[in-house]
Amino acid sequence: MTNGKRPWARGRLAGLLGLEVPIVQGPFGGGLSSVALASAVSEGGGLGSYGGHILTPDGIGELVGELRKATARPFAVNLWVPHPDEAAAPPDRDRMARYAGLLRPWFEELGLPTAQLEEPPPAPEFAQQIDALLAAEPPVISFVMGIPEARVLDEARRRGIRTVGTATTVEEALAIEAAGMDAVVASGSDAGGHRGSFLRPVNESLVGTFSLVPQVAQAVSIPVVAAGGIADGRGIAAALTLGADGVQIGTGFLATEESGASAIHRAALQGPGAHTTVLTRAFSGRLARAIPNRFTREALAYENELAPYPLQYTLTRPLRTAAAERGLAEYVNLWSGQAAALTRPRGARDYLDELIAGTETALGHRAPGRDQPGRGCGDGN
């Protein structure tokens with residue numbers, strides 16, 4: 001079925017990105033993305049995405065090549081824009097010893113060599129990553145955590161690459177539009193994984209999805225993608241009715257068979273614990289929404305003493321990796337949004353088809369439209 005038979009799918013986002021349905025698969029970082037998942041969503045008419053923030057420049061080029069082999073349809077690669085303080089000099093020996101000392105008891109409990117805490121490998125540099133990504137020319141590049149410098153967006157435009165920014169407040173959405181990006185993801189505080197706030201502290205930027213979306217839709221003229229707490233057709237219909245041009249779904253696709261989530265992560269998403277999520281800095285040094293476990297609870301006492309991102313993320317990697325290999329869910333970053341209880345295991349194409357059918361049912365085959373009173377878009381649509 002083409003989107004000619006789906007009035008709600010014939011919107012600005014679908015037209016901009018060449019989609020059959022305005023459904024974007026959330027880009028997972030930390031190895032949770034997969035080519036199989038991104039290509040399945042793209043082949044189904046949505047926008048498959050891959051989180052590339054931990055990849056080397058060479059790895060990014062290889063990734064885009066693999067995605068092109070897997071699908072001829074549009075896809076996105078996502079990168080994290082570093083905060084200014086993340087480019088600061090590495091911590092001195094005393095501070096490094098304090099950061100390592102906080103994690104040492106958990107390393108010893110799992111029998112891991114504590115020497116890994118002394119000199120962790122450096123994280124990839126954003127400037128090299130984005131240059132490699134621009135050279136690879138994926139159809140879409142999405143960004144989170146900030147706005148890249150003007151030369152990046154200018155080069156993307158020159159190469160015909162669409163760009164999408166991520167906002168957690170109206171202020172951030174306006175900044176993304178002013179920078180010249182093609183679309184904005186309005187990411188509510190319901191969303192799983194890392195919070196992408198960049199103009200104000202996260203605790204001043206925790207706006208729920210269905211409060212954020214209509215405000216962003218009223219404030220900007222570029223297409224708006226609703227994200228956070230959306231896992232079925234009812235959520236999609238609600239977002240479209242509130243003025244969004246499309247939706248981005250993370251946790252629902254994380255639960256599918258093609259995602260890179262570990263077996264214990266998938267089990268947690270389907271377990272009773274998924275009804276509760278917390279914002280924690282324990283795993284990466286940046287606030288992220290996850291299903292609570294022993295590590296998040298015990299680390300809470302040291303929340304303000306943990307290493308900053310990306311150092312904390314690098315320091316905890318051996319712990320997280322070993323725990324996942326041993327099936328120890330109490331030490332793994334169980335990223336999850338607040339709608340995990342609405343998800344279940346299935347193939348990505350089956351899930352996408354269910355989302356489409358559920359949206360049709362929820363809308364009653366009506367198109368909510370974009371010309372709602374008071375939107376102030378200025379685009380005449």
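**Cavity, pocket and helix packing**

The count comes to 1 cavity of 30 Å³ or more. The model analysed here is predicted. The largest cavity holds about 80 Å³ of space. Its lining is formed by L13, L17, V24, L47, S49, A76, V140, S142, V164, V185, V225 and Q248. Two elements, α1 (12-17) and β4 (140-144), give two or more residues each to this lining. By class, 9 of the lining residues of the largest cavity are nonpolar and 3 are polar. No charged residue takes part in the lining of the largest cavity.

The largest pocket has a volume of about 1,400 Å³. It is lined by 48 residues. Closest to the centre of the pocket are E86, P308, Y309, P310 and L311. Helices α4 (93-109), α5 and α13 (311-326) each supply at least two lining residues. The largest share comes from α4, with 5 residues. The lining of the largest pocket comprises 29 nonpolar, 6 polar and 13 charged residues.

Two of these pocket-lining helices, α4 and α13, also pack against each other. Their axes lie 11 Å apart, at an angle of about 25°. An angle under 35 degrees counts as roughly parallel, and α4 and α13 are therefore roughly parallel to each other. The crossing of α4 past α13 is right-handed. On the α4 side, the contact is made by M96, Y99, L103, W106 and F107. On the α13 side, L311, Q312, L315, T316, P318 and L319 take part. The contact of α4 with α13 has 9 nonpolar and 2 polar residues, and no charged ones. L311 thus appears twice: it is among the residues closest to the centre of the largest pocket, and it belongs to the contact of α13 with α4.

The third helix named for the pocket, α5, packs with α3. Helix α3 (residues 57-70) and helix α5 (residues 126-136) meet at an angle of about 30°, and their axes are 8 Å apart. That angle makes α3 roughly parallel to α5. Here too the crossing is right-handed, with α3 passing α5. From α3, the residues in contact are P57, I60, V64 and R68. Their partners in α5 are Q128, Q129, A132, L133 and A136. By class, the contact of α3 with α5 has 6 nonpolar, 2 polar and 1 charged residues.

Notes:
Residues numbered from 1 in each chain as written. Predicted model: local features only at pLDDT ≥ 70, side-chain atom pairs only at ≥ 80, totals over all residues. Heavy atoms only, no water. 1 Å grid on protein atoms, 1.4 Å probe; cavity = no way out; pocket = protein on both sides within 12 Å on 5 of 7 lines; lining within 4 Å. Points joined across faces, edges and corners; volume = space filled by probe spheres on them. Helix = DSSP H or I, 4+ residues; strand = E, 2+ residues; numbered from the N terminus. Nonpolar A, V, L, I, M, F, W, Y, C, P; charged D, E, K, R; others polar. Axes fitted to C-alpha atoms, helices over the stretch in contact; angles between N-to-C directions. Parallel < 35°, antiparallel > 145°, perpendicular 65-115°, else oblique. Left-handed = near helix turned anticlockwise from the far one by under 90°. Contact = heavy atoms within 4.5 Å.
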